[in-house]
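Trainee: Could you pick one part of this structure and walk me through it slowly? I'd like to see how it sits in its surroundings.

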Amino acid sequence: MVAKLHKVSRRRLSRREFLKLGGAATASALLAGCAGQAVSPTDTSIQAPTSLPTSLLETPARAPTQTLNPTLTSSAGTPEESPLPVTPTSANLTYLAVAHGSDPETITKTALAALGGIERFVKSGNNVILKPNICTDYNPPEYASTTNPTVVATLVKLCLGAGARRVRVMDNPFGGTAESAYAISGIAEAVKSAGGEMEVMSPVKYARFDIPQGKDIKSWEFYRDILEADVLINVPIAKHHSLARLTLGGKNMLGVINSANMIHQNLGQRIADLLSRIRPALTVIDAVRILVAHGPTGGSLNDVKQTNTIIASPDIVAADAYGTTLFGLTGADISYVKASAEMGLGTLDLNSIKVEEING
Amino acid sequence: MDKWARARRIRQGVQIVFFALFIYLMFATVQQRVAPVLADLFFRLNPLSALGAMLAERTWLPRLALALITIGLTLLFGRVWCGWICPLGSLLEWVSFRKRRKKETSLYPRLRTVKYFLFATILVLAVLGNLTLLALDPLAILTRSMTTVVIPSLNYAITAIEKTLYPLHFLQPALDWLESWLRGPILPIKQPAFAQSILIGLVFVAILGLNALADRFWCRYLCPLGALLGLLAKVSIFRPVIGTACNHCTRCALVCRPGAVEVSPETVSITPSECTVCLDCLASCKKEEIRFQPVFRPAAPQEYDLTRREALGAMGVGLASLLLLRTDLRNRRQNPLLIRPPGVNDENKFLSSCLRCTQCMKICPTTALQPTFDQAGLEGFWTPVLVPRVGYCDYGCTACGQVCPSGAIPRLTLEEKRQEVIGKANVNKSRCLPWASATPCIVCEEMCPTPQKSIRLEEATVLNAEDQPVTVQRPHVLRELCIGCGICENHCPLEGEAAILVAIY
């Protein structure tokens, strides 16, 4: 009986049959491919975000059904519209929250609570991405070159608590592999125990997207998921950088594009251009420890200052502007913060907005 | 007969297990930060590289002592390594050509001498402190081919297919799932690329292709490790022996892949030095006249054993080639771009301990380590060189030293490795953007991993093409602090050659 079975399974395809099958498979794959491409340019549901979240009272999350397409033409966007519908005084809600205290988890929660809770940004069933700064695999978090793992994990828990369907955490380190940097930063372990996922950013998932409002760059290669997520939360660490002077929320978004090195030749404007497309719903600046010199890599504890602060705002420009004050600067000193404000992506003027400072 | 057929099954299973283990270790160590203890298991079991390294270094290398297991096994049972364990041997056993199977004639048996001659030459060169020919070790060949040819090709193919399919929305969940499994643990983010992958690939294909001339051509005629084990097998205790009731049906000779069954008009016998203990003959014998039994006398000499004249010839070839290699111009004027892995400070010592096994290139997370062609002279052919424009030495990584079987790249702690100077960066002011074209750029300084930054910036105001003043920050290298990791050269945004270059002095 065994021998019989053997005979049946031994029957081989002839070369002709094999080629036929292969040809059919290729043809169907090609057909499917053409069909997909033929549909997409006319897909009306595809739109670039052209403004900030319409109102701070509403959810800044993008509609979950929205799809994005890399072949989008700039005419689909309407850059003529006023890009800044944010009227800080119109909202009763806190525009910018700053929490001070020695426990990173507590101050993260306090800052978010002051903003009206994570539910203001994350709705049930949302697909959430957190983008911390995990620049290298050189040093553990005490060296303040990567975002504090407790802050990231706390945000993961809050998002899941608000009913997020999926919370992913990712960055594209320039030193070392993603996996080793995730591990050394302590973020991998913290996120996993909080119930989130670490994603290694796959080269497959980058695509060129138009930047309708871009002044210097009109298109760039972005990581698709960052633009397609319902909610993107930007979790930078505040630290020194010799060209930008400081790396904060705006600069942290260089981690979601390809060829970030090509941004540096006109850093301020180019980051602002990218931000006009990326639009994080919330920026949470980790200033538990800050790196005051030899950034962004660091490596000496002498350059680390314990500042025990969390800054959170839906306005990335305002958050960054506040962040600069920890280093004795103002938002206007940082080229990309200034350029972003000039493009109407947020406000530099900390006196015109409702800031809530909490000592916890 | 049934018993031996079952034993043969077991052998085939063992082959699959070892081959799978080899492939698993390959992927388990590629792109991983900390090398598993098992990463160089196969090389530690390899008596050829152990013998070569110990002779050339003139020291006992405890890490390679595992090779004694293989030697012990061979003295007991013959070339079980070749028939049961060696992943290249298994691969060559599985690659068989239809044309070959129909042919019964075998090649000129004297050709088998080649492997003994090669082995003798390797020994002579090792005694003289040279290991160049270890590039022909079977494990080194397989590791090198996998590292520089198979894995990069596989990564390219999979990534290209996924990229093509990704715009199809209905496929995205499946591709996302696939990526979450493959990317990182199995496939690297950055497409690996290796120097000379075409040459290495051709050698690999040639070795597989030679199977069309004879089964396991490489193992029969060329393999220097096979030669070493063959010599040991001449005095092995357990061997397949053909009994007196043999009726000369020669079925055993037909099934024998290495062609170890000698058929003469009078007798049929099995040559232990060529037998890979695959047990095929025992399973094939209808009369059950082949037995696996202890024999306490050395095997009979063969016409293809090295003659005294040939042994002397091997010595001569070894000596002459050493003289040629050592008087190469490269030895007199060191190549400034010959950046060795961290911890390697003495080039001569390195050349006489590097096994050319490619383990370091396999594990380097940035594929910075590349096989040399002539950068280190012919003597250093296919040794690792760090090419910063391809990859940098990651400040948080010590992997190459952890997997180096012979210790040619020392095992360093992270703190020790960070102190190792492998080169020095030099700014090319005629290409550097802030120096040469009034364009702001500080990428090299930004990347520099040393805590105090080995690259410092000096502000200058210069006029641009529109005669507007522009403030730029010009990079300077502090040579006292620079460790030559090469991340500055690697990330320099200029097209083509970087404006900051690492050299060994």
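Mentor: Happily! Chain B has 24 helices and 10 strands, where helices (H or I, at least four residues) and strands (E, at least two) are DSSP runs numbered from the N terminus. This is a predicted model, so local features need pLDDT of at least 70 and side-chain atom pairs count only at pLDDT 80 or more, while totals for chains, interfaces and linings use all residues. Residues are numbered from 1 along each chain as its sequence is written, and chains are lettered from A and ligands numbered from 1 in the order in which they are written.

Let's get our bearings before zooming in. The C-alpha trace of chain B spans about 100 × 65 × 35 Å along its principal axes. Of the 505 residues in chain B, 48% are buried; that label needs 20 or more other C-beta atoms within 10 Å of a residue's own, while 12 or fewer makes it exposed, anything in between partly exposed, and C-beta atoms are placed from the backbone. Among the contacts in chain B with a separation of 6 or more, 76% link residues 24 or more positions apart. A contact here asks that two C-beta atoms, placed from the backbone, lie within 7 Å.

The part I'd choose is helix α16 of chain B, residues 308–326. From first C-alpha to last, its 19 residues reach 27 Å, close to the 27 Å expected at 1.5 Å a residue; the expected span is 1.5 Å times one less than the number of residues. Which residues of α16(B) are buried? They are B:Ala314, B:Gly318 and B:Leu325. These residues lie on the same side of α16(B) because they cover an arc of only 40° around the axis, the arc being that of the directions from the helix axis to the C-beta atoms. Their cover includes α8 (113–127) of chain B.

Turn to the other side of α16(B) and you find exposed residues, including B:Arg308, B:Arg309, B:Leu312 and B:Gly316. B:Ala320, B:Leu323 and B:Leu324 are exposed on that side too. For an in-between case, try B:Val317, which also lies in α16 of chain B. It counts as partly exposed because 16 other C-beta atoms are within 10 Å. B:Val317 also brings distant sequence together: B:Leu118 is 199 residues away along the chain, yet the two are 9.9 Å apart in space, C-alpha to C-alpha.

While you have chain B on screen, look at two backbone details. Most residues other than glycine have a negative phi. B:Val277, however, has a positive phi near 55°, and its place is the loop between β3 (268–270) and α15 (280–284) of chain B. B:Val277 is buried, since 26 other C-beta atoms lie within 10 Å. B:Thr358 likewise has a positive phi, about 75°, without being a glycine. You'll find B:Thr358 in the loop between α18 (347–351) and α19 (359–363) of chain B, and it is buried, with 26 other C-beta atoms within 10 Å.

Finally, step back to the neighbouring chain. The contact between the chains draws 34 residues from chain A and 39 residues from chain B. On the side of chain A that touches chain B, the elements giving two or more residues are α2 (15–39) and α5 (178–184) of chain A, and α5(A) supplies the largest share, five residues.
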